[in-house]
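Trainee: I have a new structure open and would like to go through it with you. Could we begin with the charged residues?

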Amino acid sequence: MASDFDWVYTLMDSSRVSTFLISILLIVYGSFRSLNLEQQSASSTEADKKNEKSADSSAGSSHTDVDAFQAMCLPVGASISLLVMFFFFDSMQAIFAGCTAIIASIALAFLLLPMCQYFMRPCTNGAYNSYPISRFCGRFSAPELVSFGLSVTIVFIWTLTGHWLLMDALGMGLCVAFIALVRLPSLKVSTLLLTGLLLYDVFWVFFSSYIFNSNVMVRVATRTANNPMRALARQFNIDNNAINEAPKLSLPGKLVFPSMKTSGQYSMLGLGDIVSTSI
């Protein structure tokens with residue numbers, strides 16, 4: 001009798017449920033962040049017009065609009081990047097890991113910013129002064145500096161431990177940042193982009209194994225990179241057990257959740273699958 005309901009237990013496995021719920025929450029939260037940024041941009045533009053500082057309604061825009069040409073080029077660029085990681089991952093893994101850590105730090109800071117603003121509001125009465133960092137970096141408020149400091153700390157701990165939960169946090173930051181900051185201005189652009197991404201996804205997941213004798217998408221998503229902390233330790237002759245024993249890193253291009261039913265089993269969902277359904 002129990003075997004008749006095995007499919008129900010498999011479907012309702014904790015890893016699958018977690019993957020579904022977190023992806024929905026990321027889409028909803030990223031959409032609210034996008035609306036909030038648009039409202040802030042509109043308020044800033046109105047204030048500039050009142051002060052006769054700017055008459056251009058798009059000057060304060062915090063979104064990146066994707067045009068038709070970019071929509072067509074995005075699946076092609078993603079395919080080229082996928083092939084580069086497939087063929088040259090071993091020789092370029094340090095570059096991939098370093099670039100991922102930098103981008104993920106910025107994205108996670110964006111994700112943590114509202115939380116930092118909320119907890120720091122009683123100390124500042126809601127007014128945040130901006131501080132100049134350098135001539136090239138510009139000015140940043142205290143919550144922005146705190147959120148960036150927290151994100152760098154989380155990325156550093158992730159490089160030392162390689163824990164899946166920290167990797168998921170970085171992936172969530174990348175999802176929310178992309179959903180909130182990228183906008184499709186028309187139905188034409190949306191159709192071009194989503195059609196291209198559909199063809200990209202179908203080909204690399206289901207048909208790439210016939211050409212490359214391996215599922216390119218799955219292999220790239222599941223490969224682990226050598227920990228850059230080890231390379232730095234060898235370069236500067238640092239003898240530290242925590243650094244020397246740092247594990248290989250699974251790059252945050254996906255969300256993974258462990259199963260409570262089967263030890264060592266994970267459900268995996270690519271970040272692109274979440275982002276493409278939200279924009």
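**Charged pairs, surface and pocket**

Mentor: Asp90 counts as exposed because its relative accessibility is 55%. Please keep in mind that this is a predicted model.

Trainee: Which residue does Asp90 form a salt bridge with?

Mentor: Its partner is Arg223, and the closest N and O atoms of the two are 2.8 Å apart. Asp90 belongs to helix α3 (residues 68-124), whereas Arg223 sits in the loop between α7 (216-222) and β5 (224-225), so this salt bridge ties together parts that are 133 residues apart in sequence.

Trainee: And is Arg223 buried or exposed?

Mentor: Arg223 is buried, because its relative accessible area is 15%, and buried means under 20%.

Trainee: Why can such side chains pair at all?

Mentor: Side chains of opposite charge can pair when their charged atoms come close.

Trainee: How many salt bridges does the structure hold?

Mentor: There are three salt bridges in the structure. One of them joins the side chains of Glu38 and Arg183, at 3.1 Å from N to O. This pair links distant parts of the chain, since Glu38 is in helix α2 and Arg183 is in strand β4 (residues 182-183), 145 residues apart.

Trainee: What about Asp65, which residue does that one bridge to?

Mentor: Asp65 forms a salt bridge with Arg183, and their closest N and O atoms are 2.9 Å apart. Asp65 lies in strand β1 (residues 64-65) and Arg183 in strand β4, so parts 118 residues apart in sequence are tied together by this pair.

Trainee: Which residues do the shared partners join into one network?

Mentor: Glu38, Asp65 and Arg183 form one network, through salt bridges that share partners. Glu38 is partly exposed, at 35% relative accessibility. Asp65 is also partly exposed, at 37%, and Arg183 is partly exposed with a relative accessible area of 26%.

Trainee: Changing topic: which residues form the nonpolar patch on the surface?

Mentor: The patch consists of Phe20, Leu21, Ile24, Val28, Phe32 and Leu35, which together have about 600 Å² of accessible area. Ile24, for instance, is placed in helix α2 (residues 14-50). Ile24 counts as partly exposed because its relative accessibility is 39%.

Trainee: And the cysteines? How many disulfides come out of the count?

Mentor: The count comes to zero disulfides. A disulfide is a covalent bond between the sulfur atoms of two cysteines. Cys175 is buried, at 0% relative accessibility, whereas Cys73 is partly exposed, at 34%.

Trainee: Last topic, the largest pocket. How much space lies in it?

Mentor: The largest pocket holds about 1800 Å³ of space. Its lining has 44 residues, and those nearest its centre are Ala78, Tyr200, Gly253, Leu271 and Gly272.

Trainee: Which element gives the most to that lining?

Mentor: Helix α3 gives the most, with 14 residues. The elements that each supply at least two lining residues are α3, α5 (164-181), α6 (187-212), α7, β8 (266-270) and α10 (271-276).

Trainee: So α3 has come up before, then?

Mentor: Indeed. Helix α3 also holds Asp90, so the residue with which we began lies in the helix that gives the most to the lining of the largest pocket.

Methods
Residues numbered from 1 in each chain as written. Predicted model: local features only at pLDDT ≥ 70, side-chain atom pairs only at ≥ 80, totals over all residues. Heavy atoms only, no water. Patch = residues over 30% accessible without salt bridge, like charges linked within 9 Å, V, L, I, M, F, W, Y side chains within 5 Å. Areas by Shrake-Rupley, 256 points an atom, 1.4 Å probe, with all protein chains shown as cover. Salt bridge = Lys/Arg side-chain N within 4 Å of Asp/Glu carboxyl O. Helix = DSSP H or I, 4+ residues; strand = E, 2+ residues; numbered from the N terminus. Buried < 20%, exposed > 50% of the residue type's maximum accessible area, 1.4 Å probe, protein only. Disulfide = S-S within 2.5 Å. 1 Å grid on protein atoms, 1.4 Å probe; cavity = no way out; pocket = protein on both sides within 12 Å on 5 of 7 lines; lining within 4 Å. Points joined across faces, edges and corners; volume = space filled by probe spheres on them.
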